[in-house]
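Open the model in your viewer and switch to cartoon. We will go from one selection to the next.

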Amino acid sequence: MKELLKSPEVLALIDIALKEDIGNGDHTSLACIDAGKTGDAYCTAKESGVIAGIELAAFIFHKIDETLTFHANVKDGDEIKKGYMIFNVKGNSISILKGERLVLNFLQRLSGIATQSGLISNLIKDFKTRVLDTRKTTPGMRLLEKYAVRVGGSYNHRVGLYDMILIKDNHIDFSGGIRQAIERTHDYLKKNHLDLQIEIETRSIDEVKQVLDAGGVNRIMLDNFSPALLKEAVTLIAGRYETEASGGITKDNIRDFAATGVDFISVGALTHSSKSIDLSMKVK
């Protein structure tokens, strides 16, 4: 998280979020509370989960008011139980209230993702298969949400369109076929002096065979394969390339997919369907 808090994207996001919430002032607090009044507030868990975003919470409070004192009772990745006190913050009462909602919004969202990540990765911890996230993230929140995935114990796929080549079905169809897509990709990378990993999506055993004939990739994605068909494809690929299963994989069937020997399983639900953890902040 320390490196993320130096990221221009994350710093810009925090600025946007503060402006969105505070605008030209927290008029309710300014109207009700003496400017110099100090207080002490604490955050507690209203349900169990995995916490993520503690350093971000401290950063936001200190950005609002550097004189605030922040003390955490947990660190990112810790499991929390209902009723546990996560942190307390002391100082100017108006400053605390300015940061309350934004801090809780970030903490709840990131902790929900970390909890979901831990739950799904633990389901297949006895297999070699690793769980990956996807680009199905909240706009502007990707770096933080992918961080939360790691906190929970799963792994990151590519960050965006720029750090890996992923030739999907639409790319293949637009370029005229699998071999053409791969050849054009290599030409592009060479021309632009880029060194990027190449993954290609397949939709059938026939397409897997086409990729094996063409070569020139690092990973083969097997999209919407049943466990039986996935096992056939993994056997056919025989370790020549990394393998990744995607599509239709849930908590109920993920073990069936992992049992095929596939290297990776990508799960969009890590980010797009995680439920925020319920947290509360109260004044002592």
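**Stop 1: a strand pair**

Select strand 7 and strand 8 (residues 198–202): they pair in the parallel sense over three bridges. This is a predicted model. Show L166 as sticks; E199 in strand 8 stands opposite.

**Stop 2: the whole sheet**

Widen the selection to the sheet. It is open, has six strands in the order 6-11-10-9-8-7, and pairs in parallel. Which strands stand at the edges? Strand 6 (130–132) and strand 7 (165–167) do, each with a single partner strand, so one side of each has no neighbour in the sheet. Look along the sheet for its twist, which averages 25 degrees from one strand to the next.

**Stop 3: helices on the sheet**

Add helix 8 (residues 205–214). Helix 8 packs on the sheet and touches strand 8 and strand 9 (219–223). Its direction makes about 150 degrees with that of strand 8. Next, select helix 9 (residues 227–237), which lies across strand 9 and strand 10 (242–246). Helix 9 runs at about 165 degrees to strand 9.

**Stop 4: helix against helix**

Now bring in helix 7 (residues 178–191). How do helix 7 and helix 8 cross? Their axes come within 9 Å and cross at roughly 40 degrees. The two helices are therefore oblique to each other. The crossing is right-handed.

Zoom in on the contact. From helix 7, pick I178, R179 and I182; they meet E207, Q210, V211, D213 and A214 in helix 8. Colour these residues by type: four are nonpolar, one is polar and three are charged.

Methods:
Residues numbered from 1 in each chain as written. Predicted model: local features only at pLDDT ≥ 70, side-chain atom pairs only at ≥ 80, totals over all residues. Heavy atoms only, no water. Axes fitted to C-alpha atoms, helices over the stretch in contact; angles between N-to-C directions. Helix = DSSP H or I, 4+ residues; strand = E, 2+ residues; numbered from the N terminus. Parallel < 35°, antiparallel > 145°, perpendicular 65-115°, else oblique. Left-handed = near helix turned anticlockwise from the far one by under 90°. Contact = heavy atoms within 4.5 Å. Nonpolar A, V, L, I, M, F, W, Y, C, P; charged D, E, K, R; others polar. Pairing = 2+ DSSP bridges.
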